[in-house]
Amino acid sequence: MNKYAIIVAGGTGTRMKGEVPKQFMLLNSKPVILHSIEAFHDYDPSVLIILVIHPDYLELWEKLSTEFKISIPCQVVTGGKTRFDSVKNGLKLINEEGLVAVHDAARPVINADFIGKLFSAASAYGSAIPAVHINDTIRTIDGDTSHQSDRTFLRAIQTPQVFKVSELQRAYTQPYEPIFTDDGSVMESAGFHVHLTEGLQENIKITRLQDIAVAEVLMKFITT
């Protein structure tokens with residue numbers, strides 16, 4: 001079965017307020033995005049890796065590729081206005097059926113074993129969306145008041161998320177909606193069932209500068 005990985009790195013880093021977007025910052029002496037590229041390649045060198053990069057940072061990516069001697073084959077496509085548009089652009093490069101993982105470059109603390117479990121689950125159930133239990137107390141805002149919600153029935157969703165190529169491509173023919181915060185929400189809106197599988201607690205999303213330091217520590221707890 002053909003396997004694909006779309007790594008979404010189309011952001012401009014406005015929330016991080018750094019000189020470059022978070023996906024290009026250094027983490028353990030490598031660009032953040034390179035950790036995800038290496039994890040997919042370690043899982044299966046035959047995976048076709050597609051990078052979705054904001055047009056303003058294509059030149060930076062080329063510079064980093066040379067500087068860090070990145071030899072893993074990757075196809076590059078420009079990102080769109082939203083994450084939805086960026087994933088849609090990545091899907092246009094896939095012309096054959098198989099399984100496709102969509103991953104946010106801002107989640108670099110993953111490994112080959114985790115990716116393998118997701119592809120296996122998607123092969124068995126048609127899709128695989130990693131989810132983890134919520135440990136914090138959750139309150140729902142209702143106007144000027146709030147009330148506690150039962151976290152037993154809540155999960156935090158991660159990437160990579162894996163789907164059948166044809167189904168994900170069909171789902172992405174829908175018009176964009178603000179509720180499309182991940183690929184599972186796009187699939188569900190299109191009428192497809194999505195399957196949740198066990199996520200990885202270490203699989204944090206880098207959104208603040210201090211998350212780089214946290215990710216460096218967490219990487220010591222995962223193995224390839």
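These legends accompany several close-up views of one predicted model.

**View 1. The whole chain, to get our bearings.**
Let's start with the overall layout: the protein chain is built from seven helices and twelve strands. Its radius of gyration is 17 Å, close to the 17 Å that the globule rule gives for 224 residues, so the chain is as compact as a globular protein of that length. Along the principal axes, the C-alpha atoms fill a box of roughly 55 × 40 × 35 Å. Of the 224 residues, 49% count as buried. Among contacts between residues at least 6 apart in sequence, 72% join residues at least 24 apart.

**View 2. The surface and its charges.**
The protein chain exposes about 11600 Å², and carbon and sulfur atoms supply 50% of that area. Looking at the charged side chains, you will find 21 positive and 26 negative ones. The centres of these two sets lie 2 Å apart.

**View 3. The largest nonpolar core.**
This core holds 41 residues, and Ile33, Ile37 and Phe40 touch the most other members. Two or more residues come from each of β1 (3-9), α1 (32-43), β4 (48-53), α2 (58-67), β6 (99-104), α4 (112-125) and α7 (210-218). A second, separate core has 23 residues, including Val52, Val100, Phe192 and Val194.

**View 4. Phe40 and the residues around it.**
Here we zoom in on Phe40, one of the residues that touch the most other members of the largest core. Setting aside residues up to four places away in sequence, Phe40 touches Ala5, Ile7, Val47, Ile49 and Ala101, among others. Its further partners include His103, Ile110, Ile115, Phe119 and Pro160.

**View 5. Pro160 and its cis peptide bond.**
Pro160 appears again here, as a contact of Phe40. The bond between Thr159 and Pro160 is cis, with omega at about 10°. For context, most peptide bonds are trans. Pro160 is found in the loop between β10 (155-157) and β11 (161-164).

**View 6. Helix α3 and its cover.**
Which residues of helix α3 (residues 83-91) are buried? They are Phe84, Ser86, Val87, Asn89, Gly90 and Leu91. The cover over these buried residues includes the strands β1, β4, β5 (74-78) and β6. The helices α5 (165-171) and α6 (183-189) are also part of what covers them.

**View 7. Asn28 and Ser29, two positive phi values in one loop.**
Both Asn28 and Ser29 sit in the loop between β2 and β3. Asn28 has a phi near 55°, a positive value in a residue other than glycine. Ser29 also has a positive phi, of about 70°, although it is not a glycine. As a reminder, most residues other than glycine have a negative phi. How open are the two residues? Asn28 counts as partly exposed because its relative accessibility is 37%, whereas Ser29, at 59%, counts as exposed.

**View 8. His133 in strand β7.**
Our last stop is His133, found in strand β7 (residues 127-133). With a relative accessible area of 44%, His133 is partly exposed. Beyond its neighbours within four places in sequence, His133 is in contact with Arg155 and Gln201. How far is His133 from Phe119, C-alpha to C-alpha? The two residues are 21 Å apart in space and 14 residues apart in sequence. Phe119 may be familiar from the earlier view of Phe40, where it is among the residues that Phe40 touches.

Key:
Residues numbered from 1 in each chain as written. Predicted model: local features only at pLDDT ≥ 70, side-chain atom pairs only at ≥ 80, totals over all residues. Heavy atoms only, no water. Core = buried A, V, L, I, M, F, W, Y, C linked by side-chain atoms within 4.5 Å. Buried < 20%, exposed > 50% of the residue type's maximum accessible area, 1.4 Å probe, protein only. Helix = DSSP H or I, 4+ residues; strand = E, 2+ residues; numbered from the N terminus. Contact = heavy atoms within 4.5 Å. Rg over C-alpha atoms; globule rule 2.2 N^0.38 Å. Areas by Shrake-Rupley, 256 points an atom, 1.4 Å probe, with all protein chains shown as cover. Lys, Arg positive; Asp, Glu negative; His and termini not counted. Charge placed at Lys NZ, Arg CZ, Asp CG, Glu CD.
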